[in-house]
Structures are given as structure tokens and as C-alpha cells.
Amino acid sequence: MRNMLNTMKDRLVAGEDLVLVTVIASSGATPRGAGARMLIGKQGRICGTIGGGAVEYRSEAIAKTVLENKSSYGHDFTLTKDDVQNLGMICGGTCNVFFHYIPTGDSSLIALAEEAERRFAKGEDLWLISDIAAGGKLFLAEKSEEALAKHLTRHPHRVQEDGKDLYIEQINTSGRVYIFGGGHVAQELVPVLSHVGFRCVVMDDRKEFTRPNLFPAAEEIILGDFCRISDCCTIGSEDYVCVMTRGHAYDTLVQAQVLRCCPAYCGVIGSVFKAAGVRKTLKEEYGLLDEELALVTTPIGLNIKAETPAEIAVSIAAQMILHRAERNGL
């Protein structure tokens, strides 16, 4: 969403009318669920996708009409069995799509995109809200806004109550991925995670493994002491942790500290045999509780028979994508 908002701003400044297409509700086996978006201009789709196929094809045609009429509106799609076969799709179902017409030079949208970029850069929790009743007018919200706080969840949803009709989606989270150990797997993992929306922080106690050229996609690289993680890292309940230091002893030491912070996810590289020994040490020598130890996922990553660092990175990213989706109620 960050790139889409910046693209939207650039196109509006350049003098182009736009349509922001958003899936605000779906059921069945539609290609994409609520929260899928794409940006349409005079020449067609600019960026984003709502899943391709029938719904996207039809939506691009509708967006052209929206540009001509200069008016926002919603449209319900129902893909019957015949629709699916005729359009060569393997997905069916229903979804509600909203087409938000945005005129060139829209100062409010340009200001919103600039404000969103500032908040993205600061790593703040941020929600984008579409006021459907007001033609899809967009505004930003954060947890401190009491009137909306109960609706600001991880899962994109529509709120229709008290005369309001809002579509609410979290577009940024304060949570980051702390990767302890800057070795070969970490070097493969950071670009994959960054590409799918995770903000990565890499920490190692060896200078040669904290060189900026090793992690160009990382948000931060830290040269620090594994014995004193809290000196340079503040891990909270929204953060993810990947432990892959250079040795068994350091992995155990890192876990002893991060598990007390109760992160959203803590994956540790290593074998099942190693995990049993580490668990015993953490419980007996460091006094960790069973509920804290239950946060550990080890061996880290989905079991896809991965062997190379690149394959292991893919398996870890896949597991974290799944964990994130489940936390978001998907």
C-alpha cells in the first residue's frame, strides 16, 4: 500500500484522473479477499491487483466508465459456474468492489499520501479508512483515536453502524522482524521478507556480518552484544524473531532474553534433537515458563525439504506469511 499511495500522489500531481479499486467484502473462492486493491488510470491498470481473471477484467472495464462519469460507486460481483468456465477461471464466489474516483490534483489525497509516507518511515501502526457513504473519501487513523479504536484491528473489514459505512484496513504495523545472526540464511531471508512486507532488523556481534552491503533491504543493521540484546533492541508483542546465530550457545542465550518479551513469533534454526536440549536448558538454567517456551517454533520454517540457504529462507518466509495471516484473522 505504501508504493500505491506514492504512485497515486505522483500521478495526481502529474495531472491524471484515477480510480482506486478496492475489494471491501468477499465470500467463496474469489481470487482475492477484502483488502485487495488496484489503481486504474486512463491507460488501464497502473499498479496493484484484485486477483486477476474475471473480477479484475470486469473491474478494469467499470473503472473506465467511472473515469468518464467522474463518480464513485460500488459493484457486486457474483461468479456463477458458467461465468467461471466461460472466463477460464478456477475461482468462483462473490465480492463487493468499490470504485473510488479521484480527480487530478486532489489536494486532500496528495496530503494523505505524504502523511502516510511520514508514518511509514517512522514505523507506526496505521490504518487507511474509506468512507463509502462519502464516495470513498480516504483518511488515516491510529490507535489513539478513541472513536475508532475498537474497529482498528489487524483484519480488513467493513463497518456499517450508526449511519456510518466505513471500510477499514491496517496498512502498516509497528512490528518488525528481528533476525539474530547475519550468516548465509539471514542474507537470503531479508530480501524475501522485505519483498512481502516485513520490516527487517539484523543483529550480529561480528562486524563482518553487519556490513550494509550484505543487507540492503534491511531497515536496520545492529552490531551488538548477544548477551545484552535490550541495549539495542526493544522487542514487543507485535514483533517477529528469527534466531540463527553462529552457534548453539548463542541461540540459547538469545532465546532466553527474547522469549520474556513474548514476541508474536519466535523461530529458531536447528534440529528437533537440538531443540529438546535447548528447551531443557532454558527451563532449568534460565527459569523460563512453559507458556514462554511454547512461543518457540523450531525447526524454523515449513517442511519443504529445504537444503540450501535460499530454500531455507523461502520456507521461513512462507511460515511467517502464514502466521501473519492467521493473526490477521484470514
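1. A good place to start in this predicted model is histidine 151, which sits in the loop that joins strand S7 (137-141) to strand S8 (157-161). Is histidine 151 buried or exposed? With a relative accessible area of 13%, histidine 151 is buried, because the cut-off for that word is under 20%. Setting aside residues up to four places away in sequence, histidine 151 touches His157, Val159, Glu161 and Ile168.

2. One of those contacts, Glu161, has a salt bridge that you can find next. The side chain of glutamate 161 meets that of lysine 150, with 3.9 Å from N to O. This pair links distant parts of the chain, since glutamate 161 belongs to strand S8 and lysine 150 to the loop between S7 and S8, eleven residues apart. Glutamate 161 is partly exposed, at 30% relative accessibility, whereas lysine 150 is exposed, with a relative accessible area of 63%.

3. Please also look at aspartate 162, in the loop between S8 and strand S9 (164-172). Its phi is near 50 degrees, which is a positive value in a residue other than glycine. As background, most residues other than glycine have a negative phi. Aspartate 162 counts as exposed, at 73% relative accessibility.

4. The loop between S7 and S8 also holds glutamate 142, which takes part in a salt bridge with arginine 119 (3.3 Å, N to O). Arginine 119 is in helix H4 (residues 107-122), so the pair ties together parts that are 23 residues apart in sequence. The two partners can be told apart by their cover: arginine 119 is buried, with a relative accessible area of 15%, while glutamate 142 is partly exposed at 25% relative accessibility. Which residues are linked in a network of salt bridges here? They are Glu115, Arg118, Arg119 and Glu142. For the model as a whole, the count comes to 22 salt bridges.

5. Now for the annotated part of the chain. An unreviewed UniProt entry places the feature "domain: XdhC Rossmann" at residues 177-320. In the model this span is 36% helix and 16% strand, and its end C-alpha atoms lie 10 Å apart.

6. The sheet to look for is an open one of six strands, in the order S12-S11-S10-S13-S14-S15, with parallel pairing. Which strands stand at the edges? They are S12 (220-223) and S15; each has a single partner strand, so one side of each is left without a neighbour in the sheet. In general, strands of a sheet pair through backbone hydrogen bonds. To see one pairing in detail, follow strand S11 (residues 200-204), which runs parallel to S12 over four bridges. Aspartate 204, for example, has leucine 223 in S12 as its bridge partner.

7. Lysine 283 is a helpful landmark in helix H7 (residues 272-284). Beyond its neighbours within four places in sequence, lysine 283 is in contact with Leu288, Asp290 and Leu293. With aspartate 290 there is a salt bridge between the side chains, at 2.9 Å from N to O. Both partners count as partly exposed: lysine 283 has a relative accessible area of 42%, and aspartate 290 is at 37% relative accessibility. Looking back along the chain, the C-alpha atom of lysine 283 is separated by 9.2 Å from that of alanine 256, with their positions 27 residues apart in the sequence.

8. My last stop is the loop between S15 and H9, where proline 299 has its place. The peptide bond from threonine 298 to proline 299 is cis, with omega near 0 degrees. For comparison, most peptide bonds are trans. Lysine 305 is found in this loop too, and its phi is near 60 degrees, a positive value in a residue other than glycine. Lysine 305 is exposed, with a relative accessible area of 67%.

9. Leucine 302 also lies in the loop between strand S15 (296-297) and helix H9 (309-327). At 33% relative accessibility, leucine 302 counts as partly exposed. Which residues make the nonpolar surface patch of about 310 Å²? Leucine 302 makes it together with Ile304, Val314 and Leu322.

Notes: Residues numbered from 1 in each chain as written. Predicted model: local features only at pLDDT ≥ 70, side-chain atom pairs only at ≥ 80, totals over all residues. Heavy atoms only, no water. Patch = residues over 30% accessible without salt bridge, like charges linked within 9 Å, V, L, I, M, F, W, Y side chains within 5 Å. Areas by Shrake-Rupley, 256 points an atom, 1.4 Å probe, with all protein chains shown as cover. Salt bridge = Lys/Arg side-chain N within 4 Å of Asp/Glu carboxyl O. Helix = DSSP H or I, 4+ residues; strand = E, 2+ residues; numbered from the N terminus. Buried < 20%, exposed > 50% of the residue type's maximum accessible area, 1.4 Å probe, protein only. Contact = heavy atoms within 4.5 Å. UniProt positions renumbered as here; feature names shortened; annotations may be inferred. Pairing = 2+ DSSP bridges.
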